[in-house]
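Student: Could you pick one part of this and take a really close look at it with me? Start from a single residue pair and work outwards, please.

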Amino acid sequence: MRKILVTLLFLLFGTSAFADCNIKSGSINILANDFPALRTFVETSKQCKGSADFKVTHSSEHNKIAVPALTANPSEFSARIAANSSIVPLMNQDLIRPLDDLVKKYGKGIQDSQLITIDGKVMAVAFMANTQHLYYREDVLKDLGIAVPKTYEEVVAASEKIRASGKMQYPYAAAYKAGWNLAEEFVNMFIGHGGEFFKAGGAQPNINNAKGVATLNMLKKLSELSNPDYLTHDSEAIKVEWESGNVALMTLWASRSGTLLDDEGDPNITKATKLTGPATVGGGNIPAATLWWDGFTLAKNRSDADAEATFRSLAHAASNKKMVADAADQAVWLVEGFVPGPKSIGVIEAVKMGAKPYPMLPQMGLMHGALGSEIVEFLQGKESAEQALKDVEAAYISKAKEQGFL
Amino acid sequence: MPNKTFFWFFLPTGLAMILFIGLPIISTGIQSFYAQHDQVIKEVKKCDPFGCTVSIVVDNELTTQLREAKPLGKFNGFGTYIDRNHLAIDEIKKFWNETDNFGAFVDQVTNLPFYKALIFTLTYCLFVTPNVLLLGFIIALSLNAVARKIRGPLIFGTILPMIVTPLVGSLVLFWMIDSQGIIGANIQNLMNDPYLSLKSSKTLTWITIIIYGIWHHSPFAFVVFYAALQTVPQEPVEAAIIDGASRFQRIKHIVLPHIYPVVTFVALISLMDNFRVFEPIIGFSAEGSAQSLSWLIYDNLVNEEVILFGSAAATSMMTIVGIAILLAPVLIRTWKEFKTAR
């Protein structure tokens with residue numbers, strides 16, 4: 001008994017001494033997206049709050065809250081867990097602070113590769129990587145003698161074969177919900193075709209071309225192999241479709257693999273669920289996927305004391321070897337000491353294949369928004385691909401003009 | 001009531017209205033004439049875990065200087081109102097000159113976001129408002145005729161759609177019409193078409209939202225009509241019965257003229273409400289097929305990571321104008337009646 005007590009005490013003091021969590025004052029309030037890895041990350045940082053106040057808001061609507069909440073002075077949140085795309089509006093509005101001095105002072109365990117530097121200043125500290133890649137049902141593919149698809153053309157052929165066999169009506173799934181999700185699928189596929197969203201050195205759109213048309217045609221082919229309600233399906237909805245056994249091939253975020261492969265749901269489906277890298281398309285050699293990082297940023301409109309407390313507590317998590325060992329299933333951590341497991345295969349393959357990061361450009365959000373609403377009518381068969389792309393460009397141009405980019 | 005008494009009665013309400021409705025509308029109006037400053041872009045080196053690239057960012061120092069000099073932004077006049085995402089004057093002129101038949105011209109125009117949204121909004125208003133009035137009136141008449149004992153529970157059941165939060169109500173229906181939901185799957189079976197989806201077809205989505213709208217709004221019309229029916233004097237009705245008037249004739253010649261002012265009132269409120277249709281679009285995840293003016297404002301404010309205040313303000317102002325135009329005939333009529341009544 002005494003031995004256990006001593007060990008426990010040792011552990012308790014041992015960890016706190018190691019992580020330097022002696023935070024005396026300040027208040028910490030974090031805004032983050034809502035998926036398991038981020039919950040783990042925030043929970044870990046909470047262990048290092050010292051005597052500071054600690055609050056967190058996990059919301060899948062985080063993008064809608066972030067800019068208004070950080071614009072207020074003092075801002076509602078002291079930290080925002082952002083990604084390649086969501087850091088851009090914060091940078092555009094000058095809402096986050098450089099972290100160089102804090103990294104120097106408190107960021108001992110953080111690796112250089114985790115630092116997001118813009119113009120020589122550290123603006124964020126990344127802790128995990130993410131991408132969208134293929135998931136497949138080993139049993140279904142094996143039964144029909146289909147090889148694991150490597151390209152989207154093979155995905156289409158395989159899905160058609162599965163449908164013809166009568167096993168599944170809608171064998172393919174991806175998050176095609178009109179809006180952000182659908183636009184993200186376009187971005188992936190367009191990059192896979194080797195497309196550039198903007199003309200070199202400016203904000204003029206560059207999607208109404210052969211690559212854009214090929215992208216749309218591929219999305220349409222895939223949508224025809226999906227559940228007819230695909231325009232209302234987000235990542236969560238297709239995850240449910242998968243777990244109900246309705247789908248054999250799926251493009252989904254790597255960060256969702258943890259919940260797909262957990263003990264909940266039909267064990268036969270879970271057992272047959274396999275992960276592979278993202279597919280290429282149109283004979284290209286880079287994957288039709290984008291690489292993402294998730295990292296933390298600190299609000300500018302918040303006192304230095306709060307920023308310091310927040311940084312220390314988050315840095316504790318961003319350099320925590322125990323967390324990445326315990327939660328190795330949940331994400332591809334960029335933290336030192338992470339040993340990639342079978343669930344990280346999607347991201348690792350994507351990096352190996354030379355996937356491109358999501359474009360971190362100030363005007364990209366406007367393009368993403370225009371894509372999300374203007375390509376819907378093409379998928380519904382109401383419009384030609386050229387007309388849809390023309391609409392996207394026109395919608396983007398008027399928004400970019402209003403925002404002062406053109 | 002003497003004017004002076006009326007003034008003091010109205011003062012608190014009037015002040016609150018100016019403060020919480022009038023001033024925000026004025027501020028929105030001013031905002032709609034401004035656009036963002038030109039972005040000052042600079043090239044910098046960006047590094048992340050996947051490597052370094054030379055790319056562009058917004059130059060914050062210069063932008064801050066610009067903003068401090070002119071906090072409202074760049075004056076744009078009616079620029080935002082006539083751009084492609086709103087009235088699209090230039091585009092319409094172009095379509096007019098380029099297309100050779102009227103059908104193609106209409107196709108092109110209804111492909112523009114503002115007109116697309118306007119058409120849905122008007123269709124919704126035109127189908128929902130009369131049906132709500134009609135259904136509300138029929139329910140009120142029927143309930144007025146049933147025995148007093150069961151009237152209470154029946155009234156409660158009837159106003160249930162209004163009590164249910166719009167989002168919850170639409171979500172329930174949304175799940176039912178899913179291709180695996182009770183209604184969706186049955187329709188697929190009935191039509192013998194496994195690819196039929198209420199959610200992916202534009203027409204079916206519109207019909208669903210309109211039916212939902214009628215379901216949700218009818219109780220309001222019912223409650224008001226039911227109250228009005230209690231005030232219908234019994235003597236003329238009895239006299240009509242003795243004269244041999246049928247039920248339909250009694251309703252047409254006695255009940256309807258009596259509750260006519262209430263009908264106008266319900267029509268006004270319904271029109272205003274329906275013109276601002278928004279929740280069902282979110283609840284049904286119908287953004288792809290059905291967009292309303294209110295949804296456009298919402299989209300400009302939150303759906304993009306970049307908030308378009310000017311666009312949202314311009315659409316808001318045009319929505320106000322739209323409601324005013326829709327209500328004008330009813331308002332003019334009420335005003336005329338008010339004058340003749342005096």
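Tutor: Let's begin with A:Gln132, whose bridge partner in β8(A) is A:Trp253. Keep in mind that the model is predicted. The pair belongs to a ladder between strand β6 (residues 132-137) of chain A and strand β8 (residues 249-253) of chain A, which run antiparallel and share five bridges. In general, strands of a sheet are held together by backbone hydrogen bonds, in either a parallel or an antiparallel arrangement.

Now zoom out one step. β6 and β8 sit in an open, four-stranded sheet of chain A, with the order β7-β8-β6-β9 and mixed pairing. At its edges are β7 (172-174) and β9 (273-275) of chain A, each pairing on one side only. Ignoring direction, neighbouring strands here are turned by 30° against each other on average. Something also packs on this sheet: helix α10 (residues 235-243) of chain A, which touches β7 and β8 of chain A. The direction of that helix makes about 140° with that of β8(A).

Helices pack on each other in chain A too. For two packed helices, the usual descriptors are the angle between the axes and the distance between them. Take helix α16 (residues 364-374) and helix α18 (residues 385-403), both of chain A: their axes come within 9 Å and cross at roughly 140°. α16(A) and α18(A) are therefore oblique to each other, since the cut-off for roughly antiparallel is over 145 degrees. The crossing of the two is right-handed. On the α16(A) side, the contact uses A:Leu366, A:Met367, A:Ala370, A:Leu371 and A:Glu374; among the residues that α18(A) brings are A:Val392, A:Tyr396 and A:Lys399. By class, the residues of this contact come out as nine nonpolar, one polar and three charged.

Chain B has a helix pair to set beside that one. The axes of helix α6 (residues 113-145) and helix α10 (residues 202-229) of chain B come within 6 Å and cross at roughly 40°. α6(B) and α10(B) are therefore oblique to each other, and their crossing is right-handed. The contact has 19 nonpolar and seven polar residues, with no charged ones.

How far does the predictor trust this chain? Mean pLDDT for chain B is 89, with 99% of its residues at 70 or more. Within chain B, α6(B) has the highest mean among the elements, at 94, and helix α2 (residues 60-69) the lowest, at 85. For the complex, the predictor gives an ipTM of 0.79 and a pTM of 0.85.

That brings us to where the chains meet. Here 46 residues of chain B contact 50 residues of chain A. On the chain B side, at least two residues each come from β2 (41-48), β3 (51-58), α2, α14 (293-303) and α15 (309-341). β2(B) gives the most, with six residues. By class, the side of chain B that touches chain A has 16 nonpolar, 17 polar and 13 charged residues.

And we end as we began, with strand pairing, though this time across the chains. Strand β4 (residues 115-118) of chain A pairs with β2(B) in the antiparallel sense over two bridges. If you want a spot to click on, A:Thr117 stands opposite B:Cys47 in β2(B).

Terms used: Residues are numbered from 1 along each chain as its sequence is written. Chains are lettered from A and ligands numbered from 1 in the order in which they are written. This is a predicted model: local features need pLDDT of at least 70, side-chain atom pairs count only at pLDDT 80 or more; totals for chains, interfaces and linings use all residues. Axes are lines fitted to C-alpha atoms, for helices over the stretch in contact, and angles run from 0 to 180 degrees between N-to-C directions. Angles under 35 degrees count as roughly parallel, over 145 as roughly antiparallel, 65 to 115 as roughly perpendicular and the rest as oblique. A crossing is left-handed if the near helix is turned anticlockwise from the far one by less than a right angle, and right-handed if clockwise. Two residues are in contact if their C-beta atoms, placed from the backbone, lie within 7 Å. Ala, Val, Leu, Ile, Met, Phe, Trp, Tyr, Cys and Pro count as nonpolar, Asp, Glu, Lys and Arg as charged, and the others, Gly among them, as polar. Two strands pair if DSSP finds at least two bridges between them. pLDDT is the predictor's confidence in each residue, from 0 to 100.
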